[in-house]
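Reader: I would like a close look at how one helix packs against its neighbours in this model. Please go through it slowly, and then show me some other parts for comparison.

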Amino acid sequence: MTTPLEKRRALTASMLAFTVCFAVWTIFSIIGVKIKADLGLSDTQFGVLVATPVLTGSLSRLFLGIWTDQYGGRMVYVLQMLATALAAYLLTLVTTYEMFLVAALGVGLAGGSFAVGVAYVSRWYPKEQQGTALGIFGMGNVGAAVTNFAAPLLLVVLGGAWQSVAQVYAVTLAVTAVLFFIFTKDDPVHASNKLTGAKHPSFVEQLEPLKNLQVWRFSLYYFFVFGAYVALALWLPRYYVGAYGLELATAGMLAAAYALPGSIFRAFGGWLSDKYGARAVMYWTFIASVACTFIMSYPATDYTVAGITGPINFNITIPLEVFVGLTIILGFFMSLGKAAVYKHIPVYYPDHVGSVGGMVGLIGGLGGFFLPITFGMMNDFIGVWTSCFMLLTILVAIALTWMHFAIRRLDKKRIPELRGPRNLPELEGLKG
């Protein structure tokens, strides 16, 4: 029997560790701008650089999640953080673009911490509290805001040396791993299995739920609410510098204004999902996101109108303060959506949280990998700064459409359970 203190300690330690991991995971959003200038990289090359850690963080989520189901989250979490800290320190020793990409793959292990934490935290709480608990854990996304705010300040304090910033991050993560090991204990399920000698499911058995189309639909939702969130957290400093001509420190703080609500309201999103249902929260998220990204996609445009007395010239540009406000609104609803997606998983797949959560996180994380690269390519080939938001508008519109028609199809079946508990927006096992 676990005590309330043990639950709070596990949740708090996991959330703080995830915050540090996420800060390390997004470090290239700031030091990458310095590296771009040092190496003379194109926007496409810069997009590849900042996205490479996201690739490792995404792909690692599946097997880290499965290992957590098998061996327990406490030990997997500690080993993952120590390995990432080593990679972050070794980053400071490379000098060529190709080696930066290799080092970035190692730093990307920080992103795999999410799958570990979801499986670890969910085992401490009953299903009626898991939405709130996982929302609180997911607030660790605030690490992106920490990096966008703190890393530029560290650059100033440390004389502009990005290598010193990376070393500070590496040491901080290593210390976090040690403290996590000291102050936490094995989750109740893993502790019970060790006492009884119960055999953990095989790797193949853990992959069984991935046959459900429902899992892949949830993954698409997460591709936007998380993948696009990470992509914008990485891309916005560069966007503000290029589109609005801001200094890097100012651009980092404005990007933090987007990343902060995209993190801290995740617990609120979990509470809303527990109270009103994840389906309703996903509708709010997608509708608001379509509106925001559509407005933000409008490029600065000069118009000439044939007036009565001659040509009339005027310009339509989204003012900086309006644009920043829209990013804050977008980040807020993305935060709610991230919690709503993960509300489903421990309810539908209580014995496969690691593998299903890992797969959903993997696909979502891949959004954080492919989207910055695509943003850079669109800049290079289209030459319009707002093209990234045009792409996001299309992406979220597809997700909203698929979700709506899947729900309508299930509603037409007149299934009684769909009118039951609010935390079950769909029936388990139905191929939606």
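Author: In this predicted model, helix α3 and helix α6 make a right-handed crossing. Helix α3 covers residues 43-71, and its axis lies 7 Å from that of α6, at an angle of about 30°. Angles under 35 degrees count as roughly parallel, and α3 and α6 are therefore roughly parallel to each other. On the α3 side, the contact is made by R61, L64, G65, T68 and D69. On the α6 side, the residues are F114, A115, V116, A119 and Y120. Sorted by class, the residues of this contact are six nonpolar, two polar and two charged.

Helix α6, residues 113-122, also packs against helix α4, residues 73-91. The axes of α4 and α6 come within 9 Å and cross at roughly 160°. An angle over 145 degrees counts as roughly antiparallel, so α4 and α6 are roughly antiparallel to each other. The crossing of α4 with α6 is left-handed. From α4, the residues G73, R74, V76, Y77 and Q80 take part, and they meet S113, V116, G117 and Y120 of α6. The classes here are four nonpolar, four polar and one charged. V116 and Y120 of α6 appear in the contact with α4, and V116 and Y120 also appear in the contact with α3.

Another pair of helices is α1, residues 4-25, and α8, residues 143-157. The axes of α1 and α8 come within 7 Å, and the crossing angle is roughly 50°. That angle makes α1 oblique to α8. The crossing of α1 and α8 is right-handed. In this contact, T19, F22 and A23 belong to α1, while G143, A144 and T147 belong to α8. Three of the residues in the contact of α1 with α8 are nonpolar, three are polar and none is charged.

The last part is a pocket. The second largest pocket holds about 170 Å³ of space. Its lining consists of 13 residues, and those nearest the centre of the pocket are Y239, P299, A300, T317 and T386. Helix α12, residues 213-244, gives the largest share of the lining of this pocket, with three residues. By class, the lining has eleven nonpolar residues, two polar residues and no charged ones.

To return to the starting point, α6 is roughly parallel to α3 and roughly antiparallel to α4. The crossing with α3 is right-handed, whereas the crossing with α4 is left-handed.

How values were computed. Residues numbered from 1 in each chain as written. Predicted model: local features only at pLDDT ≥ 70, side-chain atom pairs only at ≥ 80, totals over all residues. Heavy atoms only, no water. 1 Å grid on protein atoms, 1.4 Å probe; cavity = no way out; pocket = protein on both sides within 12 Å on 5 of 7 lines; lining within 4 Å. Points joined across faces, edges and corners; volume = space filled by probe spheres on them. Helix = DSSP H or I, 4+ residues; strand = E, 2+ residues; numbered from the N terminus. Nonpolar A, V, L, I, M, F, W, Y, C, P; charged D, E, K, R; others polar. Axes fitted to C-alpha atoms, helices over the stretch in contact; angles between N-to-C directions. Parallel < 35°, antiparallel > 145°, perpendicular 65-115°, else oblique. Left-handed = near helix turned anticlockwise from the far one by under 90°. Contact = heavy atoms within 4.5 Å.
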